[in-house]
Amino acid sequence: MSLILGMEDVIGPWVHARTGGQWIPGSGRTIGWWNGERITAGYIFSQYNGRNLFIDYAVDGHYLPQSLLYAVGAYVFEQLCCTRLTLVAEDSNLASVKISYKLGATLEATLKGAARDGGNILI
C-alpha cells in the first residue's frame, strides 16, 4: 500500500472516470492511493490562487488511509500554504458529502440543477 505521486495522467483520469469530469493534461496535480492491487483513492488539486485550492476526489470503497489524508493536508496547508480549500460534490453522492463534513467542511453554496443527474452540486 502506498501513495501515488507525480502520476497526474493516471490519477486524474481515474478520479474523473468516477466523478463525471474530464481530465485535461496539465490542469492540476494529484495524489492517489495504491492498495497493492489497484488504485482505490485519488485527489485532483486545481485552480490554486495562493490562498485557495479546489479539490476533486474519488474513493472506491469506504476506506481512506490516514497517511493519504495526511499527505493531502500537508500538500494543501504546509507546502502550498493555503488558508482554505474548496471541495465540490454532487448532493446525490451521500458518501462524498458525509466525508466532506467529517473532515470539517462547511456548506458555502449550492449550484441548483448543475449535477450530472440534474441534482445539485454542493460547494
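Here are some short exercises on the structure above, each with a worked solution.

A word on the ground rules: this is a predicted model, where local features need pLDDT of at least 70, side-chain atom pairs count only at pLDDT 80 or more, and totals for chains, interfaces and linings use all residues. Residues are numbered from 1 along each chain as its sequence is written, and side-chain values use heavy atoms, with hydrogens and water left out.

**Exercise 1. Find the mean pLDDT of the chain, and the elements with the lowest and the highest mean pLDDT.**

Step 1. Start with the term: pLDDT is the predictor's confidence in each residue, from 0 to 100.

Step 2. For the chain, the mean is 92, and 100% of the residues reach 70 or more.

Step 3. Now go element by element, where helices (H or I, at least four residues) and strands (E, at least two) are DSSP runs, numbered from the N terminus. Helix H3 has the lowest mean pLDDT, 85, while strand S7 (residues 110-111) has the highest, 96.

**Exercise 2. Work out which residues of helix H3 are buried and which are exposed.**

Step 1. Get the cut-offs straight: buried means under 20% relative accessible area, exposed over 50%, and partly exposed in between (1.4 Å probe, protein chains only).

Step 2. Helix H3 spans residues 94-102, and its Ser 96, Val 97 and Ser 100 are buried. They share a side of H3 because they cover an arc of only 100 degrees around the axis. That arc is taken from the directions from the helix axis to the C-beta atoms.

Step 3. A bit of background helps: an α-helix has 3.6 residues a turn, so residues three or four places apart point the same way.

Step 4. Flip to the other side of H3, and you'll find Leu 94, Lys 98 and Lys 102 exposed.

Step 5. What do the buried residues of H3 pack against? Strand S4 (54-59), strand S5 (86-87), strand S6 (89-90) and strand S8 (121-122).

Step 6. Just past the helix, H3 is followed by Gly 104, whose phi is positive, near 100 degrees.

**Exercise 3. Pick out the residues that touch the most other members of the largest nonpolar core.**

Step 1. A nonpolar core is a set of buried Ala, Val, Leu, Ile, Met, Phe, Trp, Tyr and Cys residues joined through side-chain atoms within 4.5 Å.

Step 2. The largest core has 17 residues, and Ile 31, Tyr 43, Phe 45, Ile 55, Leu 68, Val 72 and Val 76 touch the most other members.

Step 3. At least two residues each come from strand S2 (29-34), strand S3 (39-46), S4 and helix H2 (66-79). H2 gives the most, with five residues.

Step 4. Apart from this core lies another, of eight residues, including Ile 4, Ile 11, Val 15 and Ile 44.

Step 5. Zoom in on Leu 68, using contact to mean heavy atoms within 4.5 Å. Leaving aside neighbours within four places in sequence, Leu 68 is in contact with Leu 3, Ile 31, Gly 32, Trp 33, Ala 41 and Tyr 43.

**Exercise 4. Decide whether Leu 87 and Leu 85 are buried, partly exposed or exposed.**

Step 1. Leu 87 lies in strand S5. With a relative accessible area of 18%, Leu 87 is buried.

Step 2. Outside its neighbours within four places in sequence, Leu 87 is in contact with Ile 55, Tyr 57, Ser 100, Ala 105, Leu 122 and Ile 123.

Step 3. Leu 85 sits in the loop between H2 and S5. Its relative accessible area is 25%, so Leu 85 is partly exposed.

Step 4. Along the chain, Leu 85 and Phe 54 are 31 residues apart, yet their C-alpha atoms are separated by 5.9 Å.

**Exercise 5. Locate Gln 47 and Cys 81, and give the phi of each.**

Step 1. Gln 47 is in the loop between S3 and S4, and Cys 81 is in the loop between H2 and S5.

Step 2. Gln 47 has a positive phi, near 60 degrees. The phi of Cys 81 is also positive, near 60 degrees.

Step 3. For background, most residues other than glycine have a negative phi.

Step 4. Back at Gln 47, the relative accessibility is 57%, so Gln 47 counts as exposed.
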